Amino acid sequence: MTTLVFTGGMRNIASGVIVATTYFPSKVAMPVVFGMLFQQVLASVFSKVLQKVLSPK
C-alpha cells in the first residue's frame, strides 16, 4: 500500500513538469518545481503516519 501511495504521487508531479516545460514558457514550471520540493516534505511526514497506522499492534 505504501509503495502505491508514493509511486502515484511521484508520477503525477513528474507529468506536471513535462507538460509545463513542453507546452508553456519556462516560468510556468516554477510552481511545479516548488511542488516537487514541498512533496518531499509531505512524503516524509506521510510516511511516518502510514507507519503508525499500518504497524501491527
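Tutor: Buried means under 20% relative accessible area, exposed means over 50%, and partly exposed is what lies in between (1.4 Å probe, protein chains only). This is a predicted model, in which local features need pLDDT of at least 70 and side-chain atom pairs count only at pLDDT 80 or more, while totals for chains, interfaces and linings use all residues. Residues are numbered from 1 along each chain as its sequence is written, and side-chain values use heavy atoms, with hydrogens and water left out.

Student: Why is Val49 called partly exposed?

Tutor: Val49 has 40% relative accessibility. That value falls between 20% and 50%, so Val49 counts as partly exposed. Val49 sits in helix 2.

Student: What makes Met30 partly exposed?

Tutor: The relative accessible area of Met30 is 40%, so Met30 is neither buried nor exposed. Met30 belongs to helix 2, residues 29-54. Between the C-alpha atoms, Met30 is 9.0 Å from Val17, with 13 residues separating them in sequence.

Student: Which residues of helix 2 are called buried?

Tutor: Ala29, Val32, Gln39 and Leu50 are the buried residues of helix 2. Across the protein, 9% of the 57 residues are buried.

Student: How many helices and strands does the protein have?

Tutor: The protein has two helices and zero strands. Both terms refer to DSSP runs numbered from the N terminus (helices: H or I, at least four residues; strands: E, at least two).

Student: What span is expected of helix 2, and what span does helix 2 reach?

Tutor: Helix 2 has 26 residues, for which 38 Å is expected at 1.5 Å a residue (1.5 Å times one less than the number of residues). From first C-alpha to last, helix 2 reaches 35 Å, which is close to the expected value.

Student: How do you know that Thr21 makes a polar contact with Val17?

Tutor: A polar atom of the Thr21 side chain lies 2.9 Å from the backbone oxygen of Val17. A polar contact is a pair of N or O atoms within 3.5 Å; within protein, one must be able to donate a hydrogen and the other to accept it, and residues adjacent in sequence count only if both atoms are side-chain atoms, so the 2.9 Å pair fits the cut-off. The Thr21 side chain also reaches the backbone oxygen of Ile18 at 3.3 Å. Thr21 is placed in helix 1, residues 2-23. Thr21 and Val32 are 9.8 Å apart, C-alpha to C-alpha, and 11 residues apart in sequence.
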